[in-house]
Amino acid sequence: MSGNNRNLGHAVRDFPDVDSCVAEVRELRHGVTAAACVIIRADERNWAWRVRVDDVDYAESSRRYNRRIQAEHACASFVRQVVTAAGIYLIQRRDLYAELDEVVSQGS
């Protein structure tokens, strides 16, 4: 989340089930120290970002930015939140809740 409670980013892929999503979160958290913020042109006037680890894109910006520097800052903020977030993850999928913090900490 950004400072004004906007969604910063989301996964680049859809997941068939919760376990697949949890595995992807675990991979990203494990490799986040090697993560690169890749800034790309979204269109003629806007910028976007992707988080890449070992040539694999894990996350992308949820919005477009008028300035490249805004995209860079947003990506850096997303990566910081991946590193520091703990104990706040819940996936809600219909009637299913999975506490990701516990699952992710088991994989670290």
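This is a short talk through the sheet, the helices and the salt bridges of one chain.

Okay, hi everyone. One thing up front: what you see here is a predicted model. The chain has a mean pLDDT of 80, and 73% of its residues come in at 70 or more. There's a weak patch, though: over residues 90-98 the pLDDT drops below 50, and beyond near neighbours in sequence that stretch has 16 contacts in the model. Where pLDDT is low, we shouldn't read the predicted coordinates in detail. So I'll leave that part alone.

Let's start with the sheet. In what order do the strands sit in it? The order is S1-S4-S3-S2, an open sheet of four strands with antiparallel pairing. S1 and strand S2, residues 36-41, are the edge strands, and each has a single partner, so one side of each has no neighbour in the sheet. From one strand to the next, the twist averages 35°.

Now have a look at S4, which covers residues 56-61. Five of its six residues are buried, so the strand is largely enclosed by the rest of the structure. On one side, S4 pairs with strand S1, residues 9-11, in the antiparallel sense, and there are three bridges between them. If you want to find that pairing on screen, look for Gly 9, whose bridge partner in S4 is Ser 61, and then Ala 11, which stands opposite Ala 59.

S4 also pairs with S3, residues 47-53, again antiparallel, this time over four bridges. And Ala 59 turns up again here, because DSSP-style pairing puts Val 51 opposite Ala 59 too. S3 and S4 form a hairpin with two residues between the strands, and in that hairpin Asp 54 takes a positive phi near 50°.

Next, the helices. Helix H2, residues 68-84, lies across S1, S2, S3 and S4, and runs at about 35° to S3. Helix H1 spans residues 18-31, and Glu 27 is found in it. Glu 27 has 42% relative accessibility, so we call this residue partly exposed. Here's a nice example of folding up a chain on paper: Glu 27 and Tyr 58 are 31 residues apart in sequence, yet C-alpha to C-alpha they are 9.0 Å apart in space.

Last topic: charges. Side chains of opposite charge can pair when their charged atoms come close. How many salt bridges do we count in this model? The count comes to five. Let me show you some of them.

Arg 50 and Glu 60 meet through their side chains at 2.9 Å, N to O. That pair links distant parts of the chain, with Arg 50 in strand S3 and Glu 60 in strand S4, 10 residues apart. Arg 50 is partly exposed, at 24% relative accessibility.

Then there's Arg 52 with Asp 57, at 2.5 Å, N to O. Is each partner buried or partly exposed? Arg 52 has 30% relative accessibility, so it counts as partly exposed, while Asp 57, with a relative accessible area of 15%, is buried, since the cut-off for that is under 20%.

Over in helix H2, Arg 68 and Glu 72 sit four residues apart, about one turn of the helix, and their side chains form a salt bridge at 3.0 Å, N to O. Arg 68 is partly exposed at 37%, and so is Glu 72 at 31%. Back in the sheet, salt bridges that share partners join Arg 50, Arg 52, Asp 57 and Glu 60 into one network.

That's my tour, thanks!

Methods: Residues numbered from 1 in each chain as written. Heavy atoms only, no water. pLDDT = per-residue confidence, 0-100. Contact = heavy atoms within 4.5 Å. Buried < 20%, exposed > 50% of the residue type's maximum accessible area, 1.4 Å probe, protein only. Axes fitted to C-alpha atoms, helices over the stretch in contact; angles between N-to-C directions. Salt bridge = Lys/Arg side-chain N within 4 Å of Asp/Glu carboxyl O.
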